[in-house]
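Visitor: Please take one helix of this model and go through it closely. I would like to know how it sits against its surroundings, and then what those surroundings look like.

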Amino acid sequence: MAETLALPDTDSNKRTPVSDTASVLSEAIAGSSLSFDFSTGVASSGHVEYPGEEHPRVTVKYFVAEDWGEFVEKRDARLCSRCHAFLERLPRIATKLLLKKSEKCEELRATFESLECSASSGCPLCAMLVMVLAHYPPEERASAGVAYFRCRKLREDIYLDCKLTASFRSPLKIQLCDTRSQPVPRLLGASTGGYFSSKRARKWYDHCRKFHSECVETAGRTLPTRLLYYKNGSLRLCNSVDLDISTRYATLSHCWGKSPMFKLTMERVQSFQTNIDIKELSRTFQDALQVLADLELEFLWIDSLCIVQDDPDDWNRECLLMSSVYGYSDITIAAASSTDGSQGCFYERKMPVEQLLHVSIVASYGCKRYTITHPPNPELVQIDWLPPSALNNRSPLFSRGWVLQERILTPRLLTFNSSYLYWQCASWSGPEWKRPGIDESQGRHELRNLTIGKDYNWHEVVRVYSRTQLTFPSDRLVAISGVAKRIQKVFPDQYLAGMWRKDLERLLCWSVVTPQQGTPLVYQAPSWSWVSLLPGTRANLPQDPRGFGRLLVQIANIEMTLTGPDPMGAVTRGVLRVRCETLLCGMAVSGMILSGNRDNFLANFGSVLSSVRLRLDSQPNMADPFPFYLLPVLQAPGNKGGRLYIRGLVLKPTNKCKGEYERIGQFRKDDDPGENRPKIFKKIGSVDFAKLSFTKLDRELLFESSEGEKGPHFITIV
């Protein structure tokens, strides 16, 4: 409950303070026999005496931000008997939830018909509950008939929600706060391209330029080859060699989609340098020009208008420059909700106008004042319990592979989604109703920090990028090359098709969240890299790999064949020559399920079968048995209980060269103490692979080369 109502974009407004959790609880238990130690969070009595049983006096004021303007009080608001009884009990409900006597309380039940009837008769709370139900499909409402609303504690706030299906949508938020001041809406203006939104964007931009010196990098600055020059309503293409190196410019991040696009071609280069007919541009491009003017900038970079689209040589050259194009831009404008250029940056807000109910409850224990709001936050209208940044991640734009590096590399990101604006820079981020210097950041531009030396978290880049989509899967390495270059600039290391040489042995144990359906039709990367997966297949690198046990393999040699001159770009082949201690044989057969776990299979450990847990990269066809080989890579140190941890790769032979394999998955072996394990596992907390020996015939069949029965042995992975 320790929140503050966000106020509008005027300097004269004062924020309405909300009591912190300690004061809320103090008021809630005032006059009771319960004493509460806020330093320890422990109550001295297990019995709570709630306020007296007399009927409290309840008064309400109902406000609606009509037409996305200021709040207007509805003078004819009258509570129905059902809602009046609920609000009488609200202090008791809040006390129970805040003291964790209960996580949820089912408090209000009504038929849809009765709610709509009460709302039309002037009950403000029923009107707000009707808005909650409006976010469920008609068929769900029809099948339910009766709505059960319950209070739920989420972190330090209380919500009144209705669960018709598996999810909760657009609940009401209940806050204990001072209701005597005139409320102000968080969002003003029906369009995200209107006066109030553009004013907020300009204030964000000016504040960052003035106070966030770390958000822009100037060392080694370069300009894009071409830029669009927009001034006084005219637009033309210019060459950057004629511009001062300090020229500020914006970039546009957008979805191309399938609709026809007006773009730069070899035939149009000369005419574009004289004039570009703005009427020929898509709605998204025209909206971007308006944002450019609102920010008082004159130069803009748009890929389809600044790269010659029918010149492969120009495209290949410019793709190598993406790191600097976005990295040295002043700001990136993101049309997040549009699937193509026809939809634009600006939207009529896809959410209801804000409603607010001030409630005063007077009884013998004193006066309690609550504010009930809908929607509680704009992002909760469609999707539950997500911060605005998470809602942005689900937008059409941010599901595209090329866009991730645009988000990471740009110093400032101004996002236009279907309901509100969102700002991100290296120092502060927040939605349209938040202000830097006043409101706390809702998570800084974390990925941006990777490229300016604050962190090195390639794991997060892989996690986010692997789930994105690409029109051409062959672009998978090219579309992330800009980020790789910036990271290499700060943390020098050898880049290997989406992997880094440092700790490469451990990083080989990456895994998929869900196996991909099928395999890529074109070559993307060697099988030992997560880049080999189909776009959209989520991959995770092992967290903190350096802290995970002893290495059982060593990479003896690496051979990479690049498509072009860019070491961060596409590859045609990648070969690892691996020195290993052993290679274990296994067989997966149809219906083989052990202990109820569908990814358990059998492997041969020294002539003894034992179960291992496989996570295959692709969904296997279990119609026929298939052989596989396990390459142990990591072994965790044992503990006193003798628990065993092994991680490694699942391989299959290519049948092209001796000892050559390709990765098909990842495995782990987790044994509890006391399990009937093979003899080689008897050593507490470890496997003694030295007890495994291979005959000359085995070595000829399994390995590229071998130095004896007990190794070391060598294989290649492609």
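Guide: The model is predicted. Before the helix, a short stop at a strand pairing: Val64 stands opposite Val72 in β4. That contact belongs to the antiparallel pairing of β3 with β4 (residues 72-73), which runs over two bridges. β3 (residues 57-64) also pairs with β14 (residues 355-363), again in the antiparallel sense, over eight bridges. Within that pairing, Val60 has Val359 of β14 as its bridge partner.

The helix to look at is α6, residues 195-211. Its 17 residues span 24 Å from first C-alpha to last, close to the 24 Å expected at 1.5 Å a residue. Its buried residues are Ser197, Ser198, Arg200, Ala201, Trp204, Tyr205 and Cys208. Buried here means under 20% relative accessible area. Viewed down the axis of α6, these buried residues fall within an arc of 160°, so they line one face of the helix. The general background is that an α-helix has 3.6 residues a turn, so residues three or four places apart point the same way. On the other side of α6, Tyr195, Lys210 and Phe211 are exposed.

Next, the cover. The buried residues of α6 are covered by elements including helix α8 (283-294) and the strands β13 (331-335), β16 (412-416), β17 (421-425) and β18.

Those four strands appear in an open sheet of eight strands, in the order β10-β9-β12-β11-β13-β16-β17-β18, with mixed pairing. β10 (234-239) and β18 (429-431) are the edge strands, each pairing on one side only. From one strand to the next, the twist averages 25°. An example of parallel pairing in this sheet is β11 (residues 250-253) with β12 (residues 299-301), over two bridges. There, Thr251 stands opposite Trp301 of β12.

Finally, the nonpolar cores of the model. The largest has 107 residues, and Trp458, Trp530 and Leu631 touch the most other members. A second, separate core of 40 residues includes Ile93, Cys151, Ile158 and Leu160. Leaving aside residues up to four places away in sequence, Trp530 touches Trp458, Val462, Tyr465, Ser466, Arg476, Gly498, Met499, Trp510, Ala539 and Leu541.

To return to the helix: α6 has one face lined by its buried residues, and its cover includes α8 and strands of the eight-stranded sheet.

Notes: Residues are numbered from 1 along each chain as its sequence is written. This is a predicted model: local features need pLDDT of at least 70, side-chain atom pairs count only at pLDDT 80 or more; totals for chains, interfaces and linings use all residues. Side-chain values use heavy atoms; hydrogens and water are left out. A nonpolar core is a set of buried Ala, Val, Leu, Ile, Met, Phe, Trp, Tyr and Cys residues joined through side-chain atoms within 4.5 Å. Buried means under 20% relative accessible area, exposed over 50%, partly exposed in between (1.4 Å probe, protein chains only). Contact means heavy atoms within 4.5 Å. Two strands pair if DSSP finds at least two bridges between them. Axes are lines fitted to C-alpha atoms, for helices over the stretch in contact, and angles run from 0 to 180 degrees between N-to-C directions. The expected span of a helix is 1.5 Å times one less than its number of residues. The arc is that of the directions from the helix axis to the C-beta atoms.
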